[in-house]
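Welcome, and please open your viewer. This short tour tells you what to select at each stop and what you will find there.

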Amino acid sequence: MKTHAPVETLIELVSKSWPQALHAKAPGVWSVYRTYDSLIAAYANAIAPLGLQVADAEALAALRSQGEPYMLSPTQLCYFMLISSGGLTKVLKRLETQEWVERVPNPDDGRSQLVKLAPKGIAVLEEAVIAVAAVEKQSMAGITQEEHDQLQRLLAKMAANLNQDSSA
């Protein structure tokens, strides 16, 4: 069973019952939402056998992306993720319990600790990357390199529109 109505169904319903909410480019935005939801669900299914949730993998990947020694403060880690600091606390507890990260003293501030990617975290992340790459390849199957490049340009334009300073 699908968890969300297809965009085409939404267009049909909204055009009949709420046409003022259906502007020419709404279907494109709705498609981005549906695609994102589908990707996250597929990622979650792919990494669940590893004992990872999407936020866990995201945190491990953020640490790994920093290069050795794979450390960030919790504030910096939150910056590279899409969750709140409250959500990060839960994720870090889960990651520490699994011994995928460890807390180490911050050499620049004795009152705080850094989050460091542990060897077990590197290992599980390497498995997760393989699983996620398979999902990504599947999601792009049948899309030519030219179409991919066009999609990238269009999504970058969309993001740039959202990131413009609205006070200007």
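Helices here are DSSP runs of H or I with at least four residues, and they are numbered from the N terminus. With that in mind, select helix α7, which covers residues 145-163, and pick out L151 within it. Keep in mind throughout that you are looking at a predicted model.

**Stop 1: a nonpolar patch**

Stay with L151 and add V32 and L155 to your selection. These three residues make up a nonpolar patch on the surface, and together they have about 210 Å² of accessible area. Is L151 buried, partly exposed or exposed? Its relative accessibility is 36%, so L151 counts as partly exposed.

**Stop 2: the paired strands**

Next, select strand β2 (residues 101-106) together with β3. The two run antiparallel and are paired over 6 bridges. They form a hairpin, with 2 residues between β2 and β3. For a single contact to look at, show V104, whose bridge partner in β3 is L114.

Now keep strand β3 (residues 109-117) on screen and bring in strand β1 (residues 71-72). This pairing is also antiparallel, and it runs over 2 bridges. Look for L72, which stands opposite V115 in β3.

**Stop 3: salt bridges**

Side chains of opposite charge can pair when their charged atoms come close. How many salt bridges does the structure hold? There are 5, and the tour visits some of them.

Begin with E12 and K16. Their salt bridge has its closest N and O atoms 3.5 Å apart. Both residues sit in helix α1 (residues 7-17), and the 4 residues that separate them along the chain amount to about one turn of the helix. E12 is partly exposed, because its relative accessibility is 46%. K16 has a relative accessible area of 65%, so K16 is exposed.

Then select R94 and D56, whose side chains meet in a salt bridge at 2.7 Å from N to O. Which helices does this pair link? R94 belongs to helix α5 (residues 85-97) and D56 to helix α3 (residues 54-64), so to view both you will be looking at distant parts of the chain, 38 residues apart. Why does D56 count as buried? The cut-off for buried is under 20% relative accessible area, and D56 is buried because its value is 1%. Its partner R94, at 28%, is partly exposed.

For one more salt bridge, go to R111 and D109, where the side chains meet at 3.1 Å, N to O. R111 is exposed, since its relative accessibility is 78%. D109 is at 24%, so D109 counts as partly exposed.

**Stop 4: an aromatic pair**

Finally, look for the rings. The structure holds 1 aromatic pair. Select Y79 and F80: the centres of their rings are 5.1 Å apart and the planes of the rings meet at 85°, so the pair is edge-to-face. The cut-off behind that name is an angle of over 60 degrees between the planes.

Before you leave, colour these two by accessibility. Y79 has a relative accessibility of 67%, so Y79 counts as exposed. F80 has 43%, so F80 counts as partly exposed.

Terms used:
Residues numbered from 1 in each chain as written. Predicted model: local features only at pLDDT ≥ 70, side-chain atom pairs only at ≥ 80, totals over all residues. Heavy atoms only, no water. Phe/Tyr/Trp six-rings, centres within 6.5 Å; stacked < 30°, edge-to-face > 60°. Buried < 20%, exposed > 50% of the residue type's maximum accessible area, 1.4 Å probe, protein only. Salt bridge = Lys/Arg side-chain N within 4 Å of Asp/Glu carboxyl O. Patch = residues over 30% accessible without salt bridge, like charges linked within 9 Å, V, L, I, M, F, W, Y side chains within 5 Å. Areas by Shrake-Rupley, 256 points an atom, 1.4 Å probe, with all protein chains shown as cover. Pairing = 2+ DSSP bridges.
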